[in-house]
Each structure stands twice: as C-alpha cells, then as structure tokens.
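Colleague: Please take a close look at one part of this model, the aromatic side chains. I would like a connected account rather than a list.

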Amino acid sequence: MAKLYSPEGRVIVRKNDIMDGLQRLGINGGEVVFFHNSLSSMGYVEGGAETVVEAFLEAVGPKGTAAVHTCHFNGWHWHYARRKQKPAFDVRNSPSLMGRITEVFRHQPGAVRCLDSSNPMCAIGHHAAYLAEGAIRCFTPCGRDTAWGKLGELDAHYMFLGTEWNTCTMMHACEEYAYAPYAFMDEPSRLEVVDENGNRHIHVQKVHTPNVPRDYSNVAPEMKKRGLLHRGKIGDAEVVVMKARELIEVGTRCILEDPAFLLSDRTFLARCRDNQRGIVREEDQGVSDV
C-alpha cells in the first residue's frame, strides 16, 4: 500500500499501521513487550501518543503486557539524589520525562508504575503488578529483583521504536549482573518516595556511578552475530526488537569477559574509584546518562 503524507510532508501513521508493524516484528497477543520510544520518529501519527499506546495494548491483548520507562529526572541519579527534593518521587504525580508516549502511558487505566526512585518502569496488563512488586525494597536499580530483571525472566520483547542503543537502560542490568567494577557509587541514596495511596517511604538504593563514558552500541554486533536482532519499520521509525533475556545474557557475558566492554574510554577503569567516591574529574564532566 502506498504511503500517505500530511500537508507538512510527514508520513501518516494510523493505529492499524502500528499494529501491523508490531505483528510483523513478532509481537503477538499474550506476550510482554517493553519499548523505548520516540513519537516524532514515526511521522504524523493520527491521534498522537494515545494512538501508539492503544495500538500496543491491543497488540498484546488482555493476557499480554506492555511497558515503558517513566524516569522523572534528567541526567545522573547521583546528581538528582543530591538535590534531595521532598518527596523525591511521587508515583502518581511525578511526570515522566522520557517522551510524550510514556507520559500518556502512565495515565492509562490499569497502569502500574514502579515505586523506584531511579528507574521507574510503568506497565499495563497481565504482569503489570508483578513487574512493580517489591520495587521499594530493591537495593539496586536494575538487578534481578527489579522490573528490569523481571523482563528477562518473563522472556519479554525489548524494543527500540525510533530510538538508538544509547537509550538502552537494560545495559545497566548487564553491568549489575556482571559486577562491573565501575557500576556503583560507594554510598547509597536515601530518597523519600510516595506510593499510589499517598504513603511516604524512604527508598535506600545503590547509585550508579556518574559520568561513566559508555557506548551501549558495543553490544549490537554481538547480538547481530548471534541472529538475535530483528529489524523493521513503523511509519518512518526504524524499529529494533530483541528478547530481554538474550540481551541480558549476551551483555553480561561480554562484560564478564572484558570489564571495559561497554566503555567508550577504556582508561576510565583506572580512574573510576574517584567517581565512585564522588570526586568527578574534569575529563569526565559532561558525560550523560541514559
């Protein structure tokens, strides 16, 4: 079918186009899919972000689960934790800063957002409550007992919808699983968070080391070599899909074999202890996190 274009020259994307694209990429009813996303990359989506959310929920159906990242701050967790807002995170009212789709997603009926002060996932569907369960007790941001680790356990699809590898939060899970020597600060954060009932808690959590010069795309050739990446398009958006479990397995193995595997500057290993103590060197200033 020929593409249709808006008066501004952008390809027109309808809900059925999104659902057809998801089906071609192997997303079927009853499955779990997590997607990093960019609305603008798709073209002109009729109905905007609401249409994208509806399409994903209809694609996985009532027995499936869709999930997104709804991080509520920009930059590094360490810098955010030092600001010590009260509350630092309100699961109901702290907006997602991960794009329009994620903000619309978290307001949908049945959406369950993790009570996680650093990397709160939000999900709708059969496994939504399970993904969020116990988040306040998780001592690391992306470990096995977090929503990120559970994506691997559930054999979820992990998708980049118009985004690149630099958005791949799951690589933090690989670093945690492999005990990457640069992964954590010495001191945990202690942040006040508010749950869906208005109750206040203190979330104690290890903090990812700031200003780590990562290149998450380093894992892409390893995934491709094993035939684990599936590519397609939805509208004008390039889409990459893989299984979360396989991404965790490959990424973790690569870091175990080479602790500097994800670093764009391998010399960082020699100075990471300064950053972990909170003494950030000038050469590391300006490096950004996912």
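Modeller: What follows covers the aromatic pairs, a cluster and two charges over rings. This is a predicted model, in which local features need pLDDT of at least 70 and side-chain atom pairs count only at pLDDT 80 or more, while totals for chains, interfaces and linings use all residues. Residues are numbered from 1 along each chain as its sequence is written, and side-chain values use heavy atoms, with hydrogens and water left out.

A search of the whole structure finds seven aromatic pairs (rings of Phe, Tyr and Trp, the last by its six-membered ring, with centres within 6.5 Å; planes under 30 degrees apart are stacked, over 60 edge-to-face, the rest tilted). One of them joins phenylalanine 35 and phenylalanine 105: the centres are 6.4 Å apart and the planes at 75°, so the pair is edge-to-face. Phenylalanine 35 lies in strand S2 (residues 32–37) and phenylalanine 105 in helix H4 (residues 100–106), so the pair ties together parts 70 residues apart in sequence (helices, H or I of at least four residues, and strands, E of at least two, are DSSP runs numbered from the N terminus). Phenylalanine 35 has 0% relative accessibility and counts as buried (under 20% relative accessible area with a 1.4 Å probe, protein chains only; exposed is over 50%, partly exposed in between). Phenylalanine 105 is also buried, at 0%.

Phenylalanine 73 and tyrosine 80 form a stacked pair, 4.0 Å centre to centre with 5° between the planes, and both are buried. Phe34, Trp148, Tyr158, Phe160 and Trp165 make up one aromatic cluster.

The charged end of arginine 82 sits over the ring of tryptophan 78, 4.5 Å from its centre (NZ of Lys or CZ of Arg within 6 Å of the ring centre and within 35 degrees of the ring normal). Arginine 144 has its charged end over the ring of tyrosine 177, 4.0 Å from the centre.
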